[in-house]
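Please look at the sequence and the three-dimensional model shown here before reading on. The explanation afterwards may be followed with the model in view.

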Amino acid sequence: MTKGDVKLLGSWASPYVLRAKFALKLKSVDYEFLEENPGGVKSELLLNSNPVHKRVPVLLHCGKPISESLLIVQYIDEVWTDCPSILSSDPYDRAIDQFWAAYVDEKVYPSMRATLTAEGEEARAEVLTKFKEGLVLLESAFVKCSKGKRFFGGDQIGYVDIALGAFNGWFKVIEKAFNVKLFDEATTPNLLLWVDTFLAHPAINDIMPTTEKLLAFATSIAFPFPAIKAAAAARIS
């Protein structure tokens with residue numbers, strides 16, 4: 001399903017790029033993926049398409065660029081309307097979705113990054129405690145947003161599912177590299193089930209990189225976090 005030429009500039013391991021990929025898949029949009037080299041020289045197309053932030057993802061629709069992953073997801077939802085909506089049509093529910101999606105970027109990602117960069121077991125344990133406290137808040141949000149169904153969006157993958165779910169691959173990398181559990185039956189039972197349900201969805205499982213592939217990437221020269229490089233290398237050696 002295409003309304004004009006669609007291209008996506010991105011890097012395969014980026015959770016922000018995955019958000020756009022998930023939305024395009026859910027909307028059955030045909031597109032061309034243009035891989036940017038992580039940590040390498042940025043293409044002229046990227047620099048010209050996103051001159052402010054100079055980063056992926058960028059969606060090009062009929063030559064017009066849209067930047068920032070959550071804005072891209074919203075744009076895709078509003079342009080391709082033949083498939084089920086990603087955002088709620090109810091103004092209140094839509095505002096709640098946007099609040100929790102912003103929470104993922106403002107709270108969850110910084111906690112994940114801090115976990116990746118923490119040096120030493122004591123520092124990492126402290127960061128992980130705060131990380132898990134943030135996930136407990138998302139557990140409560142899931143209960144309210146899902147209304148007893150499989151996803152934040154109810155029966156279908158919604159905006160918050162995409163916002164948070166794009167990080168599931170890296171959550172599993174953290175769990176495997178550092179031998180920890182981010183989700184458990186005691187504190188986040190619904191999210192524990194949601195992670196597997198989300199990853200098994202046909203719009204997701206062909207796109208999400210495997211834990212092994214992400215672990216291998218985490219040991220590469222392009223990956224900027226030495227702490228997880230060492231841990232990941234130990235796990236795959």
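The paragraphs below go from the whole protein to its sheet, and then to a single residue.

The structure is a predicted model. The protein contains ten helices and four strands. Read from the N terminus, the elements follow the order β-α-β-α-β-β-α-α-α-α-α-α-α-α. With a radius of gyration of 18 Å, close to the 18 Å that the globule rule gives for 237 residues, the protein is as compact as a globular protein of that length. The C-alpha trace spans about 50 × 45 × 30 Å along the principal axes of the protein.

Further totals describe how the chain is arranged. Of the 237 residues in the protein, 49% are buried. The protein exposes an area of about 11,400 Å², and carbon and sulfur atoms supply 55% of this area. Where contacts join residues at least 6 apart in sequence, 66% of them link residues at least 24 apart.

The sheet comes next. How are its strands ordered? The four strands form an open sheet in the order β2-β1-β3-β4, and their pairing is mixed. At the edges of the sheet stand β2, residues 32-35, and β4, residues 64-67, each of which pairs on one side only. On average, and with direction ignored, neighbouring strands of this sheet are turned by 20° against each other. Helix α1, which comprises residues 15-26, packs on the sheet and touches β1 (6-10), β2 and β3. The direction of helix α1 makes about 155° with that of β1.

One pair of strands may be examined in detail. Strand β3, residues 58-61, pairs with β4 in the antiparallel sense, over four bridges. His61 has Lys64, in β4, as its bridge partner.

Strand β4 also includes Ser67. Is this residue, Ser67, buried or exposed? Ser67 counts as buried because its relative accessibility is 17%, and the cut-off for a buried residue is under 20%. Which residues does Ser67 contact, if its neighbours within four places in sequence are left aside? On that condition, Ser67 is in contact with Ser49, Asn50, Pro57, Val58 and Ile72. For one of these contacts, with Ser49, the separation can also be stated: the two residues are 18 residues apart along the chain, and the C-alpha atoms of Ser67 and Ser49 are separated by 8.2 Å.

Terms used: Residues numbered from 1 in each chain as written. Predicted model: local features only at pLDDT ≥ 70, side-chain atom pairs only at ≥ 80, totals over all residues. Heavy atoms only, no water. Pairing = 2+ DSSP bridges. Helix = DSSP H or I, 4+ residues; strand = E, 2+ residues; numbered from the N terminus. Axes fitted to C-alpha atoms, helices over the stretch in contact; angles between N-to-C directions. Contact = heavy atoms within 4.5 Å. Buried < 20%, exposed > 50% of the residue type's maximum accessible area, 1.4 Å probe, protein only. Rg over C-alpha atoms; globule rule 2.2 N^0.38 Å. Areas by Shrake-Rupley, 256 points an atom, 1.4 Å probe, with all protein chains shown as cover.
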